Amino acid sequence: MLTQRCKNLKRGRERDKIFHKFYSYHSVVSTNEVAKQLLQKNGVPDYFIVSTKIQTQGKGRWGREWWSPEGGLWCSFVTPKISIPSLRAALSVVQVIRRLTPLRAGIRWPNDIIIRDKKVGGVLTENFAPANKEEEKLIIGIGVNINQEGFPPELPEATSLKIELGKTFSVQDFLHELVDEFEKILDSEIIDQIKEVLVLLGKNITAKVKNGIKTGELWDIATNGSLLLREPTGIITELMASEVEFIR
Ligand code: BTN
């Protein structure tokens with residue numbers, strides 16, 4: 001009787017899950033690229049996750065390479081269109097780090113995950129229209145440095161959970177916590193939560209934009225996820241994530 005009740009409860013919980021399908025690999029070029037290949041096939045669900053232990057050509061924003069050795073979490077969440085996907089993913093990573101560790105992780109807009117001024121993770125979201133389907137999809141690529149013990153010299157601003165805390169984490173457990181967190185905030189209003197974990201809010205920043213540099217105070221984040229920069233003239237300028245390479 002009790003066993004039957006447990007089974008029913010479990011089924012109930014499973015029914016609530018949005019991501020049912022996980023495609024897991026040992027080594028791929030990039031989980032975002034694998035997601036694109038899977039989307040070209042018939043029968044893939046609306047929501048799925050691709051993860052791998054190693055990426056041989058992991059991609060970062062602005063065409064940068066993303067160093068992806070064994071020990072990190074390299075995954076892509078595939079969804080139909082949702083609002084502010086990168087900030088949603090970054091917030092989920094921050095919440096998981098804060099739940100699993102004593103670290104005060106934060107978001108450096110638009111989607112860097114930061115611990116003590118160093119970068120522990122990042123998000124690369126791509127729109128993708130599969131040739132055989134009507135609907136455009138989102139591929140939300142998430143990288144979190146978990147168990148790396150060091151980084152190449154060209155990445156002096158990177159850190160990992162292991163470097164910060166001196167202990168090893170289960171990458172698999174982290175992924176499952178991340179999926180739970182992402183599902184929880186998939187269609188909720190998150191701007192207030194973003195502001196609570198936003199590093200540099202109210203601070204003077206330098207933003208590297210396509211045609212140069214903009215400076216001013218990080219004034220606010222708009223409901224569409226844009227950054228509102230208060231320039232020295234007092235003018236508030238809206239910067240979209242797609243036009244900003246980074247802020248400091
Ligand atoms: C950035 O901060 O520049 C974004 C980094 C995103 C890295 C992840 S790792 C999983 C997914 N696959 C990729 O090739 N990139 C993203």
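Which residues come nearest to the ligand? Select the ligand and find out: of the 18 residues around it, the nearest are Ser30, Gln55, Lys59, Arg61 and Lys119. Being near a molecule here takes a heavy atom within 4 Å of it.

Before you go on, note that this is a predicted model, where local features need pLDDT of at least 70, side-chain atom pairs count only at pLDDT 80 or more, and totals for chains, interfaces and linings use all residues. Residues are numbered from 1 along each chain as its sequence is written, and side-chain values use heavy atoms, with hydrogens and water left out.

**Stop 1: the ligand**

Keep the ligand on screen and show the side chain of Gln55. An N or O atom of that side chain is 2.9 Å from a nitrogen atom of the ligand. Now try Lys59, but look at its backbone: an N or O atom there lies 2.7 Å from a ligand oxygen. For Lys119, go back to the side chain, where a polar atom lies 2.6 Å from an oxygen atom of the ligand. On its own the ligand has 420 Å² of accessible area, and the protein covers 99% of that. (Accessible areas come from the Shrake-Rupley method with a 1.4 Å probe; for residues, only the protein chains shown count as cover.)

**Stop 2: helix 2**

Next, select Ser30 again together with residues 31-39, which make up helix 2. Helices (H or I, at least four residues) and strands (E, at least two) are DSSP runs, numbered from the N terminus. Ser30 caps the N-terminal end of helix 2, with a side-chain oxygen 3.2 Å from the backbone nitrogen of Asn32. That is a polar contact: a pair of N or O atoms within 3.5 Å, where within protein one must be able to donate a hydrogen and the other to accept it, and residues adjacent in sequence count only if both atoms are side-chain atoms.

How many of the residues of helix 2 are buried? Seven of its nine, namely Thr31, Asn32, Val34, Ala35, Lys36, Leu38 and Leu39. Buried means under 20% relative accessible area, exposed over 50%, and partly exposed in between (1.4 Å probe, protein chains only). The cover over these residues includes strand 1, strand 2, strand 3, strand 6 and strand 7.

**Stop 3: the seven-stranded sheet**

Zoom out to the open sheet with the order 1-2-3-7-6-5-4 and mixed pairing. Two strands pair if DSSP finds at least two bridges between them. Strand 1 and strand 4 (106-108) are the edge strands, each pairing on one side only. On average, neighbouring strands here are turned by 20° against each other, direction ignored. (Axes are lines fitted to C-alpha atoms, for helices over the stretch in contact, and angles run from 0 to 180 degrees between N-to-C directions.)

Strand 1 runs parallel to strand 2, joined by seven bridges; pick Phe22 and you'll see Ile49 of strand 2 opposite.

Now select strand 7, residues 137-144. All eight of its residues are buried, with Lys137, Ile139, Gly141 and Gly143 on one side and Leu138, Ile140, Ile142 and Val144 on the other. Strand 7 pairs antiparallel with strand 3 (residues 73-80) over eight bridges, and Ile140 is the bridge partner of Phe77. Strand 6 (residues 118-128) also pairs antiparallel with strand 7 over eight bridges, and here Val123 stands opposite Ile142.

**Stop 4: helix 5**

Add helix 5, which lies across strand 1, strand 2, strand 3 and strand 7 and runs at about 25° to strand 3. Click on Glu183, which lies in this helix (residues 171-184). Is Glu183 buried or exposed? It counts as buried because its relative accessibility is 13%. Not counting residues up to four places away in sequence, Glu183 touches Lys17, Ile18 and Phe19; contact means heavy atoms within 4.5 Å.

**Stop 5: the five-stranded sheet**

Last, find the open sheet of five strands in the order 11-10-9-8-12, with antiparallel pairing. Its edge strands are strand 11 (236-239) and strand 12 (244-247). Neighbouring strands of this sheet are turned by 45° against each other on average, direction ignored. Four bridges join the antiparallel strands 9 (residues 212-221) and 10 (residues 227-230), and Glu217 has Arg230 as its bridge partner in strand 10.

Finish on Lys214 in strand 9. Lys214 is partly exposed, at 27% relative accessible area. Its contacts, leaving aside neighbours within four places in sequence, include Ile205, Leu229 and Leu239. Then draw a line from Lys214 to Arg61: their C-alpha atoms are separated by 19 Å, and the two are 153 residues apart along the chain.
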